[in-house]
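User: Could you walk me through this model? I'd like to start with one loop residue and go on from there.
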Amino acid sequence: MQDVCSILSVVFGSFTGMSALEIEPPSADGLAMRLDEMLAELAGAVTDGSPASDAARIDRIARLEKLRAATAALQATESVRFAQSQVAEQLAADVHPDAIGRGIAEQIGLACRISPTTAARRLNTARALWFELPGTYSQLVTGELSERVAEAVVSETRHLNADKRRQVDQQIKTAGIAQMGFKAATAAARKVAYEADRQGYLQRGRTERKHRRVGVRSAPDTMAVLSGYLPVEQGIACYAALRQHADSAAASGDGRTRDQIMADTLVERITGQTTAADVNIELQLLMPLDTLINPDDHSAAVIPGYGPLSSQLAREIMTDSKGRKWWRRLFTAPQGSSKGPAPIVGGDPTRRYFDGWLTQLIKLRDQTCRDPFCDAAIRHIDHITRHADGGPTSYSNGRGACARGNLVREMPGWHIKLIDCGFHGGPHKIIITTPTGHHYLSRAPDPP
Ligand SMILES: [Zn+2]
């Protein structure tokens with residue numbers, strides 16, 4: 001595997017170290033070329049310090065605002081046309097009916113440098129504007145309406161069928177939505193949309209309950225935000241229960257603030273622990289070897305999925321918690337080493353699936369899905385060169401992928417190639433090629 005890696009490193013040498021955007025060759029398309037010229041002109045205007053009157057500056061600001069809307073409109077149109085053409089191609093290629101449409105949002109996401117989930121949402125908005133909200137869409141094209149208001153109209157009319165949606169679209173255009181502020185425009189759209197189909201509006205609320213979920217995201221200063229998207233009565237019941245407990249604890253002389261009691265009670269009730277701080281910990285720390293050797297070295301350790309954490313704080317958490325502890329440390333080579341990250345690699349390369357410690361190592365290396373801009377949690381470890389094509393189940397040939405990323409690579413026209421196994425001083429790198437022939441570089445994050 002290392003030999004293959006070395007050869008590919010030479011072949012793709014010009015790619016390594018470049019961002020995803022920089023490996024894109026210039027476009028030969030006429031409109032794309034004119035847009036490139038416009039971008040250059042805009043960039044030139046930024047550095048151009050020649051004098052202009054304040055009236056002229058306001059004229060420029062107003063037109064740039066219109067340009068934003070018009071750009072959003074054209075991008076929506078191009079996205080809809082791209083999706084139609086891709087579906088036609090997939091049908092012609094006899095793609096399984098369940099998989100039709102897969103990979104379209106992913107390609108838009110890569111092009112726009114946004115996650116596939118965000119791209120899918122944009123594509124849905126684009127379709128709604130294009131097919132069912134022609135009045136709103138035409139005002140976006142001319143720059144009379146902002147993209148934000150157009151998105152609000154899409155969202156407020158979600159429960160309507162195509163005919164009713166078109167009817168509401170006309171009504172709000174006539175009502176002068178383009179002249180309203182954001183809040184007033186949203187309220188106007190909601191009111192007309194509710195009156196057009198009251199039953200559907202109610203049903204939409206019921207359907208939304210299927211989307212209940214829990215999430216966690218990192219916050220600054222070694223904190224995290226745990227969220228629950230819940231039916232309103234359940235959300236309020238949870239909050240009221242915590243508040244009630246905090247009130248009675250505070251009344252009996254608990255020294256913590258009410259907010260602290262509520263937060264601790266939330267953790268205790270969810271985990272079943274008696275004390276919030278006693279969490280069962282599997283802290284996976286990726287830390288430089290220097291930190292282990294030198295107790296005075298305070299360089300950061302990394303918690304995968306969160307980011308850097310000071311090694312001092314990591315030590316405190318491990319020492320103070322009375323819960324069960326697993327502390328898995330993966331040491332990286334001392335800083336300045338020419339060999340780069342050199343984790344201990346286990347696993348049997350002939351195995352069909354990634355499991356055990358090898359999975360942990362790849363997750364530690366990749367931290368999130370390796371599709372550029374995706375940021376989703378790793379759900380699968382994927383073979384970069386497929387097992388069926390002789391790809392080994394190894395550290396270098398594994399790639400962390402989210403649920404949808406794992407499925408998309410099986411679609412026609414998608415190729416993934418290893419170009420740097422990560423053992424030669426640089427990070428692990430792969431090149432993703434999409435059905436339109438665009439290339440995107442995916443690079444493992446730098447170890448601390
Ligand atoms: Zn992904």
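Analyst: Asp 221 is exposed, because 4 other C-beta atoms lie within 10 Å (20 or more would make a residue buried, 12 or fewer exposed, anything in between partly exposed, with C-beta atoms placed from the backbone). This is a predicted model, in which local features need pLDDT of at least 70 and side-chain atom pairs count only at pLDDT 80 or more, while totals for chains, interfaces and linings use all residues. Residues are numbered from 1 along each chain as its sequence is written.

User: Where is Asp 221 placed?
Analyst: Asp 221 sits in the loop between strand 1 and strand 2, strands being DSSP runs of E with at least two residues and helices runs of H or I with at least four, numbered from the N terminus. Its phi is positive, about 60°, although Asp 221 is not a glycine.

User: How many bridges join strand 1 to strand 2?
Analyst: Seven, and the two strands run antiparallel; strands pair if DSSP finds at least two bridges between them. Gly 215, for instance, has Ser 227 in strand 2 as its bridge partner.

User: Is strand 1 in the open or buried?
Analyst: Strand 1 (residues 213-219) lies largely in the open, because the number buried among its seven residues is zero.

User: Changing topic, what does Val 149 touch?
Analyst: Not counting residues up to four places away in sequence, Val 149 touches Ile 177, Phe 182 and Ala 185, where contact means C-beta atoms, placed from the backbone, within 7 Å.

Definitions and conventions
Contact = placed C-beta atoms within 7 Å.
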